[in-house]
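Please look over the sequence and the structure shown below before reading on. The notes that follow take up a few places in turn.

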Amino acid sequence: MEEGKRAPNFCLENDEGKKVCLEDFKGKWVVLYFYPKDNTPGCTKEAEDFSERTDEFDKLNAVVLGVSPDSVESHRKFKEKRNLKVTLLSDESKEILKTYGVWQKKKMYGREYFGVVRTTYLIDPEGTVRKVWKRVRVKGHADKVLETLRKLQEER
């Protein structure tokens, strides 16, 4: 998935068990971030950072969607426990994770396994990928996304 390409549409269940599709947000900017697992330190920090900035994203006509292979129930508990304001989407089948190229072979302590490589896509109101952050470092990431969104909107 590259910048300048059309973002593939998808429909996934959110943390309330309701179907959410990318095309539901036509006319809005979408921050689509993929993360490995609910309730882990990095993923919690990322979700909290995006949640703390939802008012700023709202002002910029943007919605934040987090996707992981965790279940709807896991997302619901994670959201309640951490008082998150972002929408969390469940991709237990890993179909969308694979479509967006974030389900990859990883290595830790010499062991190879498949998992989510933390990645964020910024999608414009027409559905085009405008920016991709691969192998995201959580610290300061939400601010970088906001900054990029502001710059891209100034250019329009």
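**Arg-118 and its surroundings**

In this predicted model, the side chain of Arg-118 makes a polar contact with the side chain of Glu-46, at 2.7 Å. The points below begin with this arginine, go on to the largest pocket, and then turn to helix α3 and two further residues.

*Where Arg-118 sits*

- Arg-118 is found in the loop that joins β7, residues 111-116, to β8, residues 119-123.
- Is Arg-118 buried or exposed? Arg-118 counts as buried because its relative accessibility is 14%, and the cut-off for buried is under 20%.
- When neighbours within four places in sequence are left aside, the residues in contact with Arg-118 include Phe-34, Tyr-35 and Pro-36, as well as Glu-46, Trp-133 and Val-138.

*The largest pocket*

- Arg-118 is also one of the residues that line the largest pocket, and the lining includes its sequence neighbours Val-116 and Val-117 together with Pro-36, Lys-106 and Arg-135.
- The space in this pocket comes to about 200 Å³, and its lining is made up of four nonpolar and four charged residues, with no polar ones.
- Pro-36, Arg-135 and Val-136 appear both in the lining of the largest pocket and among the residues in contact with Arg-118.

*The two faces of helix α3*

- Which residues of helix α3, residues 72-82, are buried? They are Val-72, His-75, Phe-78 and Lys-79.
- These buried residues lie on the same side of α3, because they cover an arc of only 125 degrees around the axis.
- An α-helix has 3.6 residues a turn, so residues three or four places apart point the same way.
- The buried residues of α3 are covered by elements that include β1 (11-14), α1 (41-52), β4 (62-68) and β5 (87-90), whereas the face turned away from the buried side carries the exposed residues Glu-80 and Lys-81.
- Just after α3 comes Asn-83, which takes a positive phi of about 55 degrees.

*Two acidic residues in other helices*

- Asp-49 belongs to helix α1, and with a relative accessibility of 6% Asp-49 counts as buried.
- Apart from neighbours within four places in sequence, Asp-49 is in contact with Val-138 and Ala-142, and Val-138 is also one of the contacts of Arg-118.
- Glu-95 lies in helix α4, residues 95-99, and counts as exposed because its relative accessibility is 54%, the cut-off for exposed being over 50%.
- From Glu-95 to Thr-119 there are 24 residues in sequence, and the distance in space between their C-alpha atoms is 16 Å.

How values were computed: Residues are numbered from 1 along each chain as its sequence is written. This is a predicted model: local features need pLDDT of at least 70, side-chain atom pairs count only at pLDDT 80 or more; totals for chains, interfaces and linings use all residues. Side-chain values use heavy atoms; hydrogens and water are left out. Helices (H or I, at least four residues) and strands (E, at least two) are DSSP runs, numbered from the N terminus. Buried means under 20% relative accessible area, exposed over 50%, partly exposed in between (1.4 Å probe, protein chains only). A polar contact is a pair of N or O atoms within 3.5 Å; within protein, one must be able to donate a hydrogen and the other to accept it, and residues adjacent in sequence count only if both atoms are side-chain atoms. Contact means heavy atoms within 4.5 Å. On a 1 Å grid over the protein atoms alone, a cavity is a set of points where a 1.4 Å probe fits but cannot get out, and a pocket is an open set with protein on both sides within 12 Å along at least five of seven lines; lining residues have an atom within 4 Å of a point. Grid points are joined across faces, edges and corners, and a volume is the space filled by probe spheres set on the points. Ala, Val, Leu, Ile, Met, Phe, Trp, Tyr, Cys and Pro count as nonpolar, Asp, Glu, Lys and Arg as charged, and the others, Gly among them, as polar. The arc is that of the directions from the helix axis to the C-beta atoms.
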